[in-house]
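Me: Could you take a close look at the sheet in this one for me, and then walk me through the aromatic rings as well? Keep it casual, please.

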Amino acid sequence: AGPGGRAVVCGAEPYLHGTFIKVLNNFGWVNPKASPELTAFAFSHWSHYYTRGSMLICDVQGVLQQEGMDWYTDPQVHSLPPKRPFGRSDMRERGIAKFF
């Protein structure tokens with residue numbers, strides 16, 4: 001238990017082996033060294049399409065595997081009202097617009 005007897009929550013993931021790359025951030029920056037063939041770009045666009053424009057997953061970074069698999073971690077979600085914001089970095093409409 002944490003302070004005041006509240007539950008402590010912790011997230012963990014396995015160590016990602018390989019070369020770490022930040023592909024895009026949460027406010028429109030795209031790594032100029034990132035290949036447009038990376039699945040990160042398609043995944044962010046797909047998240048916007050799949051949610052009918054109400055959300056966008058961005059701030060994509062991770063490890064590129066030699067087998068052609070990309071492993072991404074620590075994303076950010078931008079969302080539109082009336083959904084509750086996904087933390088302080090959810091830039092809502094402004095963040096979605098910056099991606100496009």
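Reply: Sure. This is a predicted model, and its open sheet has 3 strands in the order E1-E3-E4, paired antiparallel. Strand E1 (19-22) and strand E4 (70-73) sit at the edges; each has a single partner strand, so one side of each has no neighbour in the sheet. On average, neighbouring strands here are turned by 30° against each other, ignoring direction.

Now for the pairing of E1 with strand E3 (residues 61-64): the two run antiparallel and share 4 bridges. To find that spot on your screen, look for phenylalanine 20, whose bridge partner in E3 is valine 63.

On to the rings. The count comes to 3 aromatic pairs. Phenylalanine 43 and tryptophan 46 make a stacked one, with 6.0 Å centre to centre and 25° between the planes; the cut-off for stacked is under 30 degrees. These two residues are 3 apart in helix H1 (residues 39-50), which means about one helical turn separates them. Phenylalanine 43 is partly exposed at 35% relative accessibility, and tryptophan 46 is partly exposed too, at 43%.

Phenylalanine 99 and phenylalanine 100 pair up edge-to-face, with 4.9 Å between the centres and 90° between the planes. Phenylalanine 99 counts as partly exposed, at 24% relative accessibility. Phenylalanine 100 has a relative accessible area of 52%, so it counts as exposed, the cut-off being over 50%.

Back at the stacked pair, there's one more ring to add: ring pairs link Phe43, Trp46 and Tyr50 into a cluster.

Note on methods. Residues numbered from 1 in each chain as written. Predicted model: local features only at pLDDT ≥ 70, side-chain atom pairs only at ≥ 80, totals over all residues. Heavy atoms only, no water. Pairing = 2+ DSSP bridges. Axes fitted to C-alpha atoms, helices over the stretch in contact; angles between N-to-C directions. Phe/Tyr/Trp six-rings, centres within 6.5 Å; stacked < 30°, edge-to-face > 60°. Buried < 20%, exposed > 50% of the residue type's maximum accessible area, 1.4 Å probe, protein only.
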